[in-house]
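Colleague: I am new to this structure and should be grateful for a guided introduction. May I put some questions to you?

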Amino acid sequence: MCYPILYYVFYTWELKEEAEDRGQWRSKLTDKRNGPVMLQVVTSRSCRQLVKLLPSLTAQTLTVPKACTSTMSGDKFNLPERYVGSEKSVWVEYIQLALEHSPLNLGQGFPDFAAPEYVTKGLAEVTTGDNVLLNQYTRGFGHPRLVNALSRLYSKLIGRQIDPLSEVIVTSGAYQALFNTIMGHTSPGDEVIIIEPFFDCYYPMVKAAGGVPRFIPLRPKKTSGSISSGDWVLDKDELTGLFNAKTKAIILNTPHNPLGKVFTRQELEVIADLCKKWNVLCIADEVYEWLVYKPYKHIRIATLPDMWDRTVTIGSAGKTFSVTGWKIGWAYGPAHLLKNLQTVHQNCVYTCSTPLQEAVARGFELELQRLGKPECYFESLPQELLSKRDFMAKFLSEVGMVPTIPEGGYFMIADWTSLAGRVRLEEETDKNKDYRFTKWMTKNVKLQGIPPSAFYGSEHANLGENYVRYCFIKVRLVPSPSINVVPALDWIRFLALKDVFLEMERSSPLAGIVGNTS
């Protein structure tokens with residue numbers, strides 16, 4: 001059964017059509033690029049299982065794209081209200097921009113270097129090995145070998161025994177783990193607190209579930225001199241004022257994207273105390289858990305007193321092993337919370353790639369043997385990224401920007417406004433200045449970053465306008481004696497520096513390949 005396609009169809013377009021109790025249906029879709037696509041025949045019982053997740057639809061609702069037939073017209077087939085306002089995607093827009101202008105792409109969050117050999121060779125061995133069943137369906141909530149490896153790892157890190165079968169679920173990337181969690185725990189009218197800037201899928205997921213997003217921004221304590229991601233803080237009184245009887249959840253991202261902030265124990269205790277006071281779920285997005293730079297330490301909020309029972313924690317193989325294209329993620333937490341994720345999961349994708357899960361499991365089994373040792377990939381990767389982080393901060397500073405030095409992750413934001421007199425923002429038409437700046441730079445300087453206002457709600461989008469986000473997990477982004485980092489006001493030499501980086505990117509084995517954004 002083609003669950004992802006069915007779920008997408010059901011959840012996107014609405015066409016009411018009677019379904020017999022034991023009837024079947026077919027729907028023929030036409031894709032302009034790929035020609036006809038035939039959905040598999042499914043029973044009406046399966047249809048109803050999918051529909052139960054959608055409060056605005058009925059068990060007889062069958063959905064078909066508007067483009068399928070010329071007889072379907074009018075407002076009846078407009079985008080459902082739950083997705084109105086979510087049509088625009090910064091990733092779709094900027095991937096297309098990169099394809100058109102071929103810039104040095106420091107916008108998207110993916111490595112351009114090889115993953116650990118034991119991980120990629122492990123996948124090859126799985127797919128070509130004697131155990132042919134490893135190329136077939138596996139357990140829906142997670143491949144047994146992988147959930148056991150995750151249980152062993154996080155039991156050690158959390159300090160309690162985690163049941164691999166009821167307290168761990170494997171998903172199609174951390175993205176789907178977020179989807180399962182938000183859809184599984186949000187009812188219409190529930191309020192969900194989102195810390196800004198945020199990974200941009202949080203808002204549309206909460207809205208699609210019928211939830212009410214409540215935004216609170218991290219604000220910098222200073223805007224000049226040496227700035228750390230730790231200087232971006234929440235206002236305690238403002239945060240306290242958001243919690244009320246309607247609050248269902250708060251989404252916490254640490255280490256943080258895009259700031260690189262690693263929340264301190266004191267900051268986490270404030271959030272934890274409010275969660276306990278108001279009986280609120282904490283959705284802990286910890287996909288960058290291993291990318292923390294010394295002396296900072298990642299503290300898992302689930303380890304705080306009485307927080308295990310109210311926390312769902314999300315992780316990513318893509319971030320852990322530098323294989324973002326594999327799209328394997330997971331969530332762990334108490335069984336009574338994970339049950340809701342399982343319900344969404346079994347009526348959505350149902351199961352994930354068996355060989356990919358097997359390869360990730362083998363990778364974890366190896367790393368568990370050397371956890372905490374210098375040769376452990378979780379230890380060596382942040383050490384390798386440290387020089388890239390520092391080099392990016394140096395050259396951004398010397399061209400006149402004011403970078404925020406991240407404590408974790410592989411993104412860096414920088415205040416670009418000192419360069420405003422040297423760019424022609426009037427040539428771009430976007431509402432927000434950071435969109436105009438990043439687009440102008442992509443087209444004219446051939447250097448692409450991402451506009452951070454995309455990571456704010458509309459009320460606070462102006463807080464991101466003076467910044468640009470760059471990614472520094474790139475193999476060629478390292479200091480070189482052949483590069484003279486330019487003075488702040490020497491724009492001509494900045495362009496020359498850009499050319500050097502372009503040449504570096506051309507020599508990368510993945511030059512020209514557009515990757516995942518998450």
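Modeller: Certainly; please bear in mind that this is a predicted model. A useful starting point is the pairing of β9 (residues 191-196) with β14 (residues 247-253), which is parallel and extends over four bridges.

Colleague: Which residue in β14 does Val192 stand opposite?

Modeller: β9 covers residues 191-196 and has β14 as a parallel partner. The residue of β14 opposite Val192 is Ala249.

Colleague: Which strands stand at the edges of the sheet, each with a single partner strand?

Modeller: The sheet is open and has seven strands, with mixed pairing and the order β8-β17-β16-β15-β14-β9-β10. A strand with a single partner has one side left without a neighbour in the sheet, and so the edges are formed by β8 (168-171) and β10 (212-217).

Colleague: By how many degrees are neighbouring strands of this sheet turned against each other on average?

Modeller: The order of the sheet is β8-β17-β16-β15-β14-β9-β10. With direction ignored, its neighbouring strands are turned against each other by an average of 20°.

Colleague: Is helix α6 roughly parallel or roughly perpendicular to α11?

Modeller: Helix α6 (residues 173-185) lies across several strands, including β8 and β14, and runs at about 160° to β16. Its packing against α11 (residues 335-346) has an angle of about 110°, and the two axes are 8 Å apart. An angle from 65 to 115 degrees counts as roughly perpendicular. The relation of α6 to α11 is therefore roughly perpendicular.

Colleague: How many residues of the contact of α6 with α11 are nonpolar, polar and charged?

Modeller: On the α6 side the contact includes Phe179 and Met183, and among the α11 residues they meet are Leu337 and Val344. Polar residues such as Asn180 in α6 and Asn340 in α11 also take part. The division is six nonpolar, seven polar and no charged.

Colleague: Which residue does a cis peptide bond join to Pro258?

Modeller: Pro258 is in the loop between β14 and α9, and that loop also holds Pro255, whose peptide bond from Thr254 is cis with omega near -10°. For the cis bond to Pro258, omega is about 15°, and the residue joined to it is Asn257.

Colleague: Is Asp306 buried or exposed?

Modeller: Asp306 belongs to the loop between β15 and β16, and its phi is positive, about 65°, although the residue is not a glycine. Exposed means over 50% relative accessible area. Asp306 has 62%, and therefore it counts as exposed.

Conventions:
Residues numbered from 1 in each chain as written. Predicted model: local features only at pLDDT ≥ 70, side-chain atom pairs only at ≥ 80, totals over all residues. Heavy atoms only, no water. Pairing = 2+ DSSP bridges. Helix = DSSP H or I, 4+ residues; strand = E, 2+ residues; numbered from the N terminus. Axes fitted to C-alpha atoms, helices over the stretch in contact; angles between N-to-C directions. Contact = heavy atoms within 4.5 Å. Parallel < 35°, antiparallel > 145°, perpendicular 65-115°, else oblique. Buried < 20%, exposed > 50% of the residue type's maximum accessible area, 1.4 Å probe, protein only.
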